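Let us walk through this structure together, one packing contact at a time. Have the model open beside you as you read.

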Amino acid sequence: MTHAQAGGERRFARVPALLISVVVVAATMWPALRDPPRDSFPLSNYPMFSAVRERPWIHIVVGFDADGNEHRIGPKMIANAEVMQAAQTVSKAVAYKRAGSLCAQVAERVAGSGDYAQVVRLEVQSRQFDPRTYFTTRDGDTPLRQRRRARCEVRR
Amino acid sequence: MSAVWFVPAPSLRLAVVRVLICSFAVVWLLGFGPLLLSGLWSPAERFEPIGVASLLSAPLAPALGVGAWLLTLIAGIAALLGWRFRLIGPMFALGLLWVTTYRNCWGMIFHSENLLVMHTLILAMLPASDAWSLDARRASRSALPEARSDPHWRYGWGLRLMAAVTVLAYLLAGVAKLRNAGPAWLDGDVLLSQVAWDNLRKIELGDLHSPIGATLSAYPAVFIPLAWTSMILELGAPLALFGRRVAWVWAVGMWAFHVGVLLIMAISFMYPLSGVAFAPLFAVERPVEALAARLRRRRPNSALTRLLPRGSEPL
């Protein structure tokens with residue numbers, strides 16, 4: 001084989017590798033180039049930690065005992081051990097007007113859990129906080145505003 | 001282009017990257033197994049398919065999900081060992097793509113496994129079992145082993161592509177911050193509110209939060225250098241492709257960034273934290289060769305010594 005033939009063969013062999021490279025790089029950048037950018041998986045525009053949060057609302061499930069004391073209901077009761085998954089589950093339930101259905105589902109799990117034996121009812125709530133003052137002022141963890149989205153009993 | 005992209009690399013380098021990525025993926029599949037499997041029983045109304053799962057209009061039967069996870073785990077172990085990699089590598093990559101995508105179909109898109117999946121998909125297209133593998137051992141025993149030059153660009157281009165995908169992910173994260181918050185992101189206030197918001201959300205949702213992040217919320221000045229550093233690391237990520245020394249500085253900086261995120265937000269991006277995400281940027285075969293040489297001198301007959309490679313020779 002001559003040098004020219006070897007060179008030509010080498011260049012030809014590189015074409016598929018080059019094509020694959022161009023396609024993968026373009027696909028990686030595609031979600032960010034779209035208008036508006038689109039988050040998906042595994043191709044993403046990686047929007048985490050980029051949003052400006054002034055005084056955001058958080059959507060949670062709160063438990064109450066017979067005396068009216070509040071008990072925080074953990075992510076496992078709402079979705080699974082992943083807190084972000086639980087947060088999204090409550091947010092979507094509120095957004096899609098399914099808070100009542102979520103409340104009933106969580107109540108069923110709470111009824112079967114020994115950790116929440118004193119909880120007799122649940123509420124799906126939206127609470128507004130200022131993240132800048134939540135940890136830095138004495139009453140920062142008191143909601144600025146609060147709305148009840150659903151309420152249900154825990155039946156045992 | 002040739003000098004930048006088709007850089008010759010030893011087959012062992014690609015093989016070490018295969019071992020690192022597949023090891024991480026197998027450990028991830030096992031560690032996240034309970035979470036992945038419990039998610040299969042989520043109520044159908046929460047199903048929001050994305051990516052390759054967009055083909056589905058309703059969740060799969062949980063038994064199919066369990067089967068996909070188990071087959072992917074088995075394929076992952078085979079890919080790690082480099083057994084029939086030309087067939088098993090793509091099977092494993094597609095299985096991992098499916099399992100991780102399905103996990104993201106319940107309302108929350110996580111960003112912690114994107115690079116792992118992209119790297120695995122690229123790896124599946126490469127001759128990653130030409131060294132340190134059962135395939136290589138079988139080839140060396142055959143009567144007519146295939147003659148291959150080593151180092152060669154066929155072992156280098158895929159590593160460049162994986163490295164490019166890694167730096168692009170960080171570049172896009174930096175661009176998203178500038179696009180969504182503008183230059184205000186650099187004054188530290190947006191970062192402070194993100195850290196405080198994430199921690200308060202965990203408290204309100206009854207989960208563990210980071211006391212360090214909560215304490216730092218009282219010191220806004222701290223977040224200005226943190227914001228600048230993270231932005232420089234993210235927007236400067238492509239520079240890591242142009243020189244190993246820059247790559248070292250960048251990778252260590254990015255790793256420290258993820259340690260910071262873990263400490264102040266209790267969010268773990270395990271793939272970059274493990275260092276495996278940055279492996280395609282480096283000559284990762286050298287520490288393996290050094291370890292193998294050292295063990296051969298000290299314990300020539302140990303099982304671990306036999307498992308480690310001899311230069312670019314087979315398993």
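Begin with two rings in chain B: B:Tyr170 and B:Phe278 are both buried. What you are looking at is a predicted model, so please take each value as computed from predicted coordinates. By the ring-pair rule, 13 aromatic pairs are found over all chains. In the pair of B:Tyr170 and B:Phe278, the ring centres are 6.4 Å apart and the planes lie at 25 degrees; because planes under 30 degrees apart count as stacked, this pair is stacked. B:Tyr170 belongs to helix α8 of chain B, while B:Phe278 sits in the loop between α13 (270-274) and α14 (285-298) of chain B, so the pair ties together parts that are 108 residues apart in sequence.

Stay with B:Tyr170 for a moment, since this residue also leads us to a helix contact. Two packed helices are described by the angle between their axes and the distance between the axes. Helix α8 (residues 157-181) of chain B packs with helix α12 (residues 244-265) of chain B at about 50 degrees, and the axes are 13 Å apart. That angle makes α8(B) oblique to α12(B). The crossing in which α8(B) passes α12(B) is left-handed. On the α8(B) side you will find B:Thr166, B:Val167 and B:Tyr170, which meet B:Trp250, B:Met254 and B:His258 in α12(B). Sorted by class, the contact of α8(B) with α12(B) has four nonpolar, two polar and no charged residues.

Now turn to another helix pair in chain B, α4 and α5. Helix α4 (residues 62-81) of chain B and helix α5 (residues 85-103) of chain B pack with their axes 8 Å apart, at an angle of about 140 degrees. Because only angles over 145 degrees count as roughly antiparallel, α4(B) is oblique to α5(B). Their crossing is left-handed. From α4(B), the residues in the contact are B:Ala68, B:Trp69, B:Thr72, B:Ala75, B:Gly76, B:Ala78 and B:Ala79, and they meet B:Phe85, B:Ile88, B:Phe92, B:Gly95, B:Leu96, B:Trp98 and B:Val99 in α5(B). The contact of α4(B) with α5(B) divides into eleven nonpolar, three polar and no charged residues. B:Trp98 deserves a second look, as ring pairs link B:Phe47, B:Trp98, B:Tyr102 and B:Trp106 into a cluster.

What classes of residue make up the contact of α2(B) with α14(B)? First, the geometry: the axes of helix α2 (residues 11-31) of chain B and α14(B) come within 9 Å and cross at roughly 95 degrees. That makes α2(B) roughly perpendicular to α14(B). Here B:Leu12, B:Arg13 and B:Val16 in α2(B) meet B:Glu285, B:Arg286, B:Val288 and B:Glu289 in α14(B). By class, the contact of α2(B) with α14(B) has three nonpolar, no polar and four charged residues.

One more ring pair is worth finding among the 13 aromatic pairs over all chains. The rings of B:Trp28 and B:Phe32 are stacked, because their centres are 4.9 Å apart and their planes are at 20 degrees. Both B:Trp28 and B:Phe32 are buried.

Let us finish at B:Ser274, in helix α13 of chain B. This residue has a relative accessible area of 39%, so B:Ser274 is partly exposed. Between the C-alpha atoms of B:Ser274 and B:Ile224 there are 27 Å, with 50 residues separating the two along the chain.

Methods: Residues are numbered from 1 along each chain as its sequence is written. Chains are lettered from A and ligands numbered from 1 in the order in which they are written. This is a predicted model: local features need pLDDT of at least 70, side-chain atom pairs count only at pLDDT 80 or more; totals for chains, interfaces and linings use all residues. Side-chain values use heavy atoms; hydrogens and water are left out. Axes are lines fitted to C-alpha atoms, for helices over the stretch in contact, and angles run from 0 to 180 degrees between N-to-C directions. Helices (H or I, at least four residues) and strands (E, at least two) are DSSP runs, numbered from the N terminus. Angles under 35 degrees count as roughly parallel, over 145 as roughly antiparallel, 65 to 115 as roughly perpendicular and the rest as oblique. A crossing is left-handed if the near helix is turned anticlockwise from the far one by less than a right angle, and right-handed if clockwise. Contact means heavy atoms within 4.5 Å. Ala, Val, Leu, Ile, Met, Phe, Trp, Tyr, Cys and Pro count as nonpolar, Asp, Glu, Lys and Arg as charged, and the others, Gly among them, as polar. Rings of Phe, Tyr and Trp (its six-membered ring) pair if their centres lie within 6.5 Å; planes under 30 degrees apart count as stacked, over 60 as edge-to-face and the rest as tilted. Buried means under 20% relative accessible area, exposed over 50%, partly exposed in between (1.4 Å probe, protein chains only).
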